[in-house]
Amino acid sequence: MIVILSKGISSHDKEMVRAFLKERGFGIREQILGDDEVIGASGKGSVDIQELTLLPGVERVAATSKPYELASRETKTEDTIVTVGDPASGTAVKIGGSRITIIAGPCAVESREQIFETAAQVRESGAVLLRGGAYKPRTSPYAFQGLGMQGLEYMKAAGEAQGMPIVTEVVSSELAVQMKDLTDMFQIGARNMQNFELLKKVGALGKPVLLKRGPSATIEEWLLSAEYLLASGTRNVVLCERGIRTFETYTRNTLDISAIPVVKRLSHLPVIVDPSHAVGIRAMVSSAGLAAVAAGADGLTVEVHLHPDSALSDGPQSLYPSQFERLMRDIEALAPVVGKELLRTPRPQTGSASAAGAPVGAAKGVRADGGGTQAAGEPPAAFSGESGAFAEQALMRAFGEDAPRLSCPSFAAMFDAVLDGSAGFGVVPVENSLAGSIHENYDLFLRYPDITVVGELKLRIVHCLIAWESAGLDSIIEVRSHSQGFAQCQDFLKKYDWVLEPYYNTAAAVASLLKEPEEHKSKVAAIAGEAAAIAHGLKVLKAGIETNPLNYTRFVIIARKNEDGRAPVPPSLGQGKPNKASLVFSVPDKPGALFSCLKIMSDRGINLSKLESRPIQGKPWQYQFYVDLNLPETEEDFSAVLEALKAETEDFYFLGVYRGSL
Ligand code: PEP
Ligand code: MN
């Protein structure tokens, strides 16, 4: 049983709770769980839960039905998000929540050059944490046992050179203390999952721990090992499924895919998957990794080697860097399908977008933070809509769940907030894959020349019909949503004869239901995302009502240009050089006008990812073109293209250069 104490409980009240439990025969331990202070009570005592709950300073009592208490979702319902690395260093990385975190590196550190070069390669492909064993628990005592402390020092230096926190295996309690300051996260290997003395010692050091599942451990045994770590003092435990021993011998182990959803239901801890050790055969590692992401894993740890044939351990399962890069691209494409975002490492040295003609430049004053959260004291990021809006979900992906945010009553109000500095960034939906471009926002870009696009994000949109508990499909008369919500759910709406009432935002439509008088509650509903139902305490009557499940909205992140025409890039979107630009222009009314613009781009080998024409308001039968293009190799090429386009077009607007998402 876990007693969750109220924030700011007095020492007197805490003592009363302790005494109450002890008097009734419980052994007690005090712990921190997430943001909560808790008292764990175990033993043969018996208690009236009602009475305990009523004690001053008791927030709630979780009487778990599981032998693991601190690890159980019954005790803590929200996902734990583990931070690895020092947040003050600007390179800390988060695991859990709506992000996919990728750990990569060699099985073992073999030399300084090897770990430095591998770190650079996996970082380039998008890994955010560096793995590598300095102490290797090998089945044979004659196999390579690792470089020991020397190897760990090389790895720490390689991680620092790439701005990547590191994770490495600890094999004994004595070594744990020596390794503490050299690693950001301890790995407990599969063979040591039930080495309880090691778990207690490592847990007490307070550092994040990656806990591998033992080759023959049940899920319950695995969670009980996590409980050892949590009970010993660390709050940051990440579970790692790495395959279990079954009768099948083709693969090294059998990847227990079903363990992922099971553990996510039983525990609040993040779960990642190690497809390398699970499968043991290079050609199958990526498929298993993708399956794990599809099943809901919070990340992967993958072995990568520059020359697997000469690797000192686990060569046959180590990916070549090129295979790892391909896997990363596939994960990035898959992420929105499972409602997640691939966590990227910031790259401050190239993390700045610039205005027309100077696509790449050095960041100025941009704080790097791999967790994707903003620095304290920085202005919030803005979105248009109410709590639970899709734009708020996109904002949380870009800036982190805890990022300070400003909700604006309209898109224009959001542009104003970014312009006057009350928001550092804004999150603007520009296009939906079913309903098309959001012209209102393109028009705003044209009205706010000091605002530029600095990043891009795609969010899968799953619409729900949301209503009061008393409502049913038969009782509803009126449905409220943003016009995009109606457009994206056309096929579903066709089946009913409902009055459709447009709102400025889907979540605002949900919020409006709260003001409904009692007698109308069963007659109204709204179309929005599940997050809006949760935010406003209403029921999802039907989920997944969008016409086609391949329904994505593309958001762009906006910022205000500095005097030099450049703009800051949100750290979490800052990886890699900008590779995309967006433009809006109109052409003179003469033969070949559009053709000559397209030829300018074609002659330079520029690929267009979007070309759309749209009527110009107030000028019947005249059109504007929206263009997204992939940037050419050099800044000079791009500047030349822009100059040539400006000469050929009538109105020309440059919306920004940024790193596109897949
Ligand atoms: C490793 O990660 O290199 C390792 C030895 O893994 P496991 O403990 O899962 O076998
Ligand atoms: Mn290995």
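**Note on the manganese site, cavities and pockets**

1. Along the chain, the donors of the manganese ion (ligand 2) are spaced as C-x169-H-x25-E-x10-D. This is a predicted model, in which local features need pLDDT of at least 70 and side-chain atom pairs count only at pLDDT 80 or more, while totals for chains, interfaces and linings use all residues. Residues are numbered from 1 along each chain as its sequence is written, chains are lettered from A and ligands numbered from 1 in the order in which they are written, and side-chain values use heavy atoms, with hydrogens and water left out.

2. The protein donors are Cys107 (SG), His277 (NE2), Glu303 (OE) and Asp314 (OD), at 2.0 to 2.4 Å from the ion. Donors here are N, O and S atoms within 2.8 Å of the metal (3.2 Å for Na, K and Ca); water is not among the atoms, so sites may look incomplete. His277 belongs to helix α9 (residues 275-279), and Asp314, 37 residues apart from it, to the loop between β14 (299-303) and α11 (321-334). Helices (H or I, at least four residues) and strands (E, at least two) are DSSP runs, numbered from the N terminus.

3. Three of these donors can be described by burial, where buried means under 20% relative accessible area, exposed over 50%, and partly exposed in between (1.4 Å probe, protein chains only). Cys107 is buried at 3%, His277 at 7% and Asp314 at 17%. Another cysteine, Cys408, is buried at 5%. The count of disulfides is zero, a disulfide being a pair of cysteine sulfur atoms within 2.5 Å.

4. The structure holds nine cavities of 30 Å³ or more. On a 1 Å grid over the protein atoms alone, a cavity is a set of points where a 1.4 Å probe fits but cannot get out, and a pocket is an open set with protein on both sides within 12 Å along at least five of seven lines; lining residues have an atom within 4 Å of a point.

5. The largest cavity has a volume of about 270 Å³. Its lining comprises 19 residues, with Phe390, Pro429, His482, Gln484 and Thr506 nearest its centre. Helix α15 gives the most, three residues. Domain 3 (370-460 + 552-658) and domain 4 (464-543) both contribute to this lining, so the cavity lies between them.

6. The largest pocket has a volume of about 1,600 Å³. Its lining has 41 residues, and Asp79, Gly97, Ser98, Met396 and Glu401 lie nearest its centre. Helix α12 gives the most, with five residues.

Terms used. Grid points are joined across faces, edges and corners, and a volume is the space filled by probe spheres set on the points. Domain bounds come from an automatic or database domain assignment.
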